[in-house]
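The following exercises concern side-chain contacts, helix geometry and strand pairing in one protein chain. Each task is followed by a solution in steps.

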Amino acid sequence: MTSRKSWLLTLTFLAVFGFTLGVVCLFKVNVPVEEILKQKNVSQFLINIVMSTIILVYAVIVITMTVVFHRLLAFNAQRFKIAVGTLLLLAIMSGSFFALLITNNELVATFKGYQQKKDNKFMIGPYPEEERLHLLKKEGYQGVISLLSPTIPFEKILLEREKQAGEKIGLNIYSFPMLPWISGNEKSLKGIKELVEKEKGPFYIHCYLGKHRADLVLTTITGEIKTYLYPDVLENGRLYYYQDGRIILGPFPDDEEWFHLVKRGQVKEVISFLDPDISEEALLIEKEKNICAESGVELK
């Protein structure tokens with residue numbers, strides 16, 4: 001096998017394996033670990049260190065596997081078919097992941113954060129599809145602050161799609177690219193602060209999932225440490241607020257919503273109106289008992 005063809009195989013492996021493993025790490029390692037650390041009230045500084053360590057381990061694995069592929073398969077003429085087969089399998093996987101990331105689907109939606117308001121001037125959340133942009137325009141939002149980074153392939157596609165939709169709808173799209181965990185993003189943060197000081201708003205601020213980067217921006221521009229901003233709607237119905245948010249009334253949350261409302265939030269007490277004599281509700285009572293006990297929250 002020629003040296004040129006071997007290096008082409010190796011570079012292709014680096015690209016498809018790196019992307020595939022990167023997606024798996026993002027959704028199965030980075031996001032869950034960050035949620036656990038936030039639940040335990042770990043500082044953002046330490047969270048960034050942990051996330052950077054995970055990314056470093058990811059890079060080491062990618063480089064190591066690329067070297068192994070290069071030496072054992074790419075430069076071995078007898079193993080050419082194995083090398084090509086490996087690349088085809090990885091290409092199918094990476095292509096499938098890429099397609100999922102750039103489409104609005106329920107699988108990715110389970111990892112996304114809620115849309116959360118602050119002071120009637122800001123709302124943070126995940127990537128808004130065109131339908132959501134229409135609603136933001138109707139709701140009187142002056143613009144959308146997009147934190148998607150063109151250096152990330154699938155975010156580049158989503159950013160261009162968002163800009164086109166914004167132009168079509170007549171909604172300003174302000175692009176301030178940010179990279180999660182591995183960059184201080186000082187330039188973008190400075191630009192966002194200048195924008196929100198100059199323009200009246202309100203603004204919808206988003207990254208891809210509506211979590212780390214969006215949280216960081218909100219903390220920066222409000223000068224507050226954001227512990228939690230509650231959503232307006234849960235899977236099973238709306239939330240209603242009384243006494244300036246001291247009392248929240250709503251339906252039974254799903255697993256992800258319990259995390260945001262109780263474990264990640266500042267709820268001190270949960271009052272349940274479920275009936276233990278009804279078998280289905282008795283199971284839910286046991287579930288909320290366990291969740292509240294784990295979180296140190298009183299249940300009545």
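**Exercise 1. A salt bridge within one helix**

Lys289 and Glu286 both lie in helix H10 (residues 279–295), three residues apart, about one turn of the helix. Helices (H or I, at least four residues) and strands (E, at least two) are DSSP runs numbered from the N terminus. The model is predicted, so local features need pLDDT of at least 70 and side-chain atom pairs count only at pLDDT 80 or more, while totals for chains, interfaces and linings use all residues. Residues are numbered from 1 along each chain as its sequence is written, and side-chain values use heavy atoms, with hydrogens and water left out.

Task: State how far apart the closest N and O atoms of Lys289 and Glu286 are, and classify the accessibility of both residues.

Solution.
1. A salt bridge requires a side-chain nitrogen of Lys or Arg within 4 Å of a carboxyl oxygen of Asp or Glu.
2. The closest N and O atoms of Lys289 and Glu286 are 3.6 Å apart, and the two form a salt bridge.
3. Buried means under 20% relative accessible area, exposed over 50%, and partly exposed in between (1.4 Å probe, protein chains only).
4. Lys289 has a relative accessible area of 42% and is therefore partly exposed; Glu286, with 42%, is also partly exposed.
5. An α-helix has 3.6 residues a turn, so residues three or four places apart point the same way.

**Exercise 2. Salt bridges between distant parts**

Task: The structure holds six salt bridges. For Glu35 with Lys211 and for Lys168 with Glu130, determine which elements are linked and whether the residues are buried or exposed.

Solution.
1. In the salt bridge of Glu35 and Lys211, the closest N and O atoms are 2.7 Å apart.
2. Glu35 belongs to helix H1 and Lys211 to the loop between S5 and helix H8 (212–222), so this pair links parts of the chain 176 residues apart.
3. Both Glu35 and Lys211 are buried.
4. Lys168 and Glu130 form a salt bridge with their closest N and O atoms 2.9 Å apart.
5. This second pair links helix H6 (residues 153–169), which holds Lys168, to helix H5 (residues 130–138), which holds Glu130, across 38 residues.
6. Lys168 counts as exposed at 63% relative accessibility, and Glu130 counts as partly exposed at 31%.

**Exercise 3. Aromatic pairs**

Task: Classify the ring pairs Phe19 with Phe98 and Tyr174 with Phe203 by the angle between their planes.

Solution.
1. Rings of Phe, Tyr and Trp (its six-membered ring) pair if their centres lie within 6.5 Å; planes under 30 degrees apart count as stacked, over 60 as edge-to-face and the rest as tilted.
2. The whole structure contains seven aromatic pairs.
3. The centres of Phe19 and Phe98 are 5.8 Å apart and the planes stand at 50°, so this pair is tilted.
4. Phe19 is in helix H1 (residues 3–39) and Phe98 in helix H3 (residues 80–101), so the contact ties together parts 79 residues apart in sequence.
5. Phe19 counts as buried at 19% relative accessibility, whereas Phe98 counts as partly exposed at 22%.
6. Tyr174 and Phe203 are edge-to-face, at 6.3 Å centre to centre and 65° between the planes.
7. Tyr174 lies in strand S4 (residues 172–175) and Phe203 in strand S5 (residues 203–206), 29 residues apart; both residues are buried.

**Exercise 4. The geometry of H1**

Task: Compare the span of H1 with its expected value, and locate its bend.

Solution.
1. The expected span of a helix is 1.5 Å times one less than its number of residues.
2. H1 has 37 residues, and its 51 Å from first to last C-alpha is close to the 54 Å expected.
3. The bend at a residue is the angle between axes fitted to the seven residues ending there and the seven starting there; H1 bends by about 40° at Leu26.
4. After H1 comes Asn41, whose phi is positive, near 60°.

**Exercise 5. The neighbours of S2**

Task: Give the direction in which S2 (residues 122–125) runs relative to S1 and to S5.

Solution.
1. Two strands pair if DSSP finds at least two bridges between them.
2. S1 (residues 116–118) and S2 are joined by three bridges and run antiparallel, with Gln116 partnered by Ile124 of S2.
3. S2 and S5 are joined by four bridges and run parallel, with Ile124 opposite Ile205 in S5.
4. Phe122 and Ile124 point one way from S2, Met123 and Gly125 the other way, and all are buried.
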